[in-house]
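Student: Could you take me closely through one part of this structure? I am new to it.

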Amino acid sequence: MKTYVLTVTCQSTRGIVAAISNYLAGQGCNIVDSSQFDDLDTGKFFMRVSFISEEGVGQAALVEGFKPIAEKFAMDAEIHDEKKRMKVLLMVSRFGHCLNDLLYRWKIGALPIDIVGVVSNHFDYQKVVVNHDIPFHHIKVTKDNKPQAEAQLLELVEQTGTELVVLARYMQVLSDALCRKMSGRIINIHHSFLPSFKGANPYKQAYERGVKLIGATAHYVTADLDEGPIIEQDTARITHAQSAEDYVSIGRDVESQVLARAIHAHIHYRTFLNGNRTVVFPASPGSYASERMG
């Protein structure tokens with residue numbers, strides 16, 4: 001028996017949940033987890049349903065049979081095989097804490113993804129990546145070759161069938177055209193001192209101002225740098241007794257955890273774009289272990 005995930009976005013109206021439930025029951029499917037949300041401000045409806053096909057109806061047949069319901073309610077709907085691992089391309093520059101954390105989670109099965117490659121504009125982590133038997137791609141980026149570098153990146157995305165790009169502290173700005181082309185398919189991580197502390201050494205700037213909270217934000221990338229729809233955030237409290245170096249160390253830990261949680265939510269189809277915001281359904285206690293191990 002296979003488990004699938006149905007995701008639905010549409011305008012809110014009566015009968016949606018009943019139509020979905022009746023359809024799945026009629027196909028011999030058993031719902032094991034369901035989350036829904038009505039945005040009263042926009043009138044939009046979001047739903048994620050995890051279900052088991054107990055009578056062997058396959059994904060293609062489920063998708064085809066659901067089309068009349070999707071058309072009736074003008075839904076943006078997809079049915080995913082829960083066990084199929086998403087193809088992910090990681091990108092990194094010279095800060096390797098997020099990359100190393102993701103590689104470790106991937107290696108132990110805590111982040112069930114298929115890493116199709118790692119792209120960097122430097123060679124600092126080439127050996128680390130190759131030692132994990134993952135393809136490493138060096139794409140040099142300069143002020144003069146950005147269009148060519150992005151064309152090379154897009155070609156790699158297409159060749160590998162990449163479904164998600166993760167900027168694991170990749171420090172080059174992506175073009176508006178690339179952000180639009182891959183809307184909802186690029187996740188970035190950064191410290192949450194913005195816009196107060198920009199540029200080099202933001203943690204040192206925060207230390208000099210006596211900041212008492214260190215945070216990190218993971219978000220989808222848009223043309224507005226560091227201002228895309230937020231997926232996940234967290235903070236760590238600090239005291240006057242900690243040094244500027246402590247700020248950096250704590251900040252790296254928070255960034256790594258926040259990015260991993262954002263990716264985890266995305267690859268299990270628990271995130272929905274809602275204008276400049278997101279709807280993120282939490283993993284239910286009973287489903288977390290199966291999600292974690294894929």
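**Around leucine 99**

Tutor: Setting aside neighbours within four places in sequence, leucine 99 is in contact (heavy atoms within 4.5 Å) with Leu90, Val92, Val118, Tyr125, Val129 and Ala168. The model is predicted, so local features need pLDDT of at least 70 and side-chain atom pairs 80 or more, while totals for chains, interfaces and linings use all residues. Residues are numbered from 1 along each chain as its sequence is written, and side-chain values use heavy atoms, without hydrogens or water.

The largest nonpolar core (buried Ala, Val, Leu, Ile, Met, Phe, Trp, Tyr and Cys joined through side-chain atoms within 4.5 Å; buried is under 20% relative accessible area, 1.4 Å probe, protein chains only) has 44 residues. Leu99 is among those with the most contacts inside this core, as are Leu90, Leu102, Leu164, Val166, Leu259 and Ile263. Helix α8 (a DSSP run of H or I, at least four residues) gives the most to this core, with nine residues. Another core lies apart from it, with 21 residues, including Cys10, Tyr23, Cys29 and Met75.

How far apart are the end C-alpha atoms of helix α8? They are 35 Å apart. This agrees with the 34 Å expected for the 24 residues of α8 (residues 244-267), because each residue is taken to add 1.5 Å and the expected span is 1.5 Å times one less than the number of residues. After α8 comes tyrosine 269, with a positive phi near 60°.

Note on methods
Helices (H or I, at least four residues) and strands (E, at least two) are DSSP runs, numbered from the N terminus. Buried means under 20% relative accessible area, exposed over 50%, partly exposed in between (1.4 Å probe, protein chains only).
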